[in-house]
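Visitor: I would like a close look at a single part of this model. Please keep the cut-offs explicit.
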Amino acid sequence: MNPIHIALAVLVAFIWGVNFTFIAWALESFPPLMLTALRFFFTAVPLVLFLKPPKFNRTLLIYAIGTFVMQYAFVFTAMHLGASAGLTSLLLQVQIFITVLLAYVILGEAVSRMQIIGMLVGVVGLGVIALNLGGDMPLIGFICILIAAIGWSFGNIASKQVSTQAMAKTIQQGASLHTGSPTNSKNKASALSALALVAWGGLIACVILTLSSLIFEGAAWQVTTFTQAPIKSWLSLGFIVYISTLIGFGLWSHLLAQNTASKVTPFALLVPVFGMATSVLLMGEVVTWWKMLAMLFILSGLVLANVKISGGKKLIHS
């Protein structure tokens, strides 16, 4: 990965880490499925009026259901049931390892020996926190987060497939018209396809989530739910929609289209670091020695997983 892509990956991790605190604040006013539906309604509208939709197929549907419906419906539900922001941001990173495995099986992407070592070091960091779980992670919350991680992993693979296909088509069209350099065409195509993927995927998710919320949370769909929500909840929803979803997932899809999944996904290990730091600063969570130790392992794993080995020797290949 080039330095710009590395910086963007770190920025996305920071945004997503901070986002867990905003989710906790928004859940003070809105039930989880409703909040998720609102998130993707404002994500999709009005962008879908200006962005050409990706080709509607099974891959796009998997992306919308996995990344948006499964991940966030279950994450929001887990936090609604008592899972803390910091631990939720940590446990969700199981998706890293599931994504790399799926990329190897489905896409045939190679994984280097150093990347595997880095992943194992990251697992040690996750294990340190898992051994010190308290009452802020109920069993049902743990199960919900595991389901969310599986959904995000399938969404990552689908995102890469959809973005790569759309970008290749746009580049081909641009080349036939002889407009601009190949590099500029590639970058522009990647950015536009990533944004369109998030917006149209969000529209699909909004429909599914709204119907689900009306079924399971029908009593909450009253005018008072919206009129009595404090400004903090609405500002939190704004951050979730425009910063975390549009900017965060737009950049993430762009990075997946430009790089292999095994290089991009390790940066998600930074999400719990930023998530816990934000929880400490904004929600008063206590810093303990084992949390600091876990963060050390996670950061070390991230560095090892992104070391470029001379000669590109691979341990796993298709």
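How many disulfides does a search of the whole structure find? And which residues of helix 5 meet helix 6?

Guide: The search finds zero disulfides (pairs of cysteine sulfur atoms within 2.5 Å). The model is predicted, so local features need pLDDT of at least 70 and side-chain atom pairs pLDDT 80 or more, while totals for chains, interfaces and linings use all residues. Numbering starts from 1 along each chain as its sequence is written, and side-chain values use heavy atoms, without hydrogens or water.

Now the helix pair. Helix 5 covers residues 94-107 and helix 6 residues 113-130; helices here are DSSP runs of H or I, at least four residues, numbered from the N terminus. Their axes lie 10 Å apart, at an angle of about 150°. Axes are lines fitted to C-alpha atoms over the stretch in contact, with angles from 0 to 180 degrees between N-to-C directions. That angle makes helix 5 roughly antiparallel to helix 6 (over 145 degrees). The crossing is left-handed: the near helix is turned anticlockwise from the far one by less than a right angle.

Ile-96, Phe-97 and Val-100 of helix 5 meet Met-119, Val-123 and Leu-126 of helix 6 (heavy atoms within 4.5 Å). By class, this contact has six nonpolar residues, no polar and no charged ones. Nonpolar covers Ala, Val, Leu, Ile, Met, Phe, Trp, Tyr, Cys and Pro; charged covers Asp, Glu, Lys and Arg; the others, Gly among them, are polar.

Back to cysteines. Cys-144 is buried (under 20% relative accessible area, 1.4 Å probe, protein chains only), at 7%. Cys-206 is buried at 9%.

Definitions and conventions:
Helices (H or I, at least four residues) and strands (E, at least two) are DSSP runs, numbered from the N terminus. Angles under 35 degrees count as roughly parallel, over 145 as roughly antiparallel, 65 to 115 as roughly perpendicular and the rest as oblique. Buried means under 20% relative accessible area, exposed over 50%, partly exposed in between (1.4 Å probe, protein chains only).
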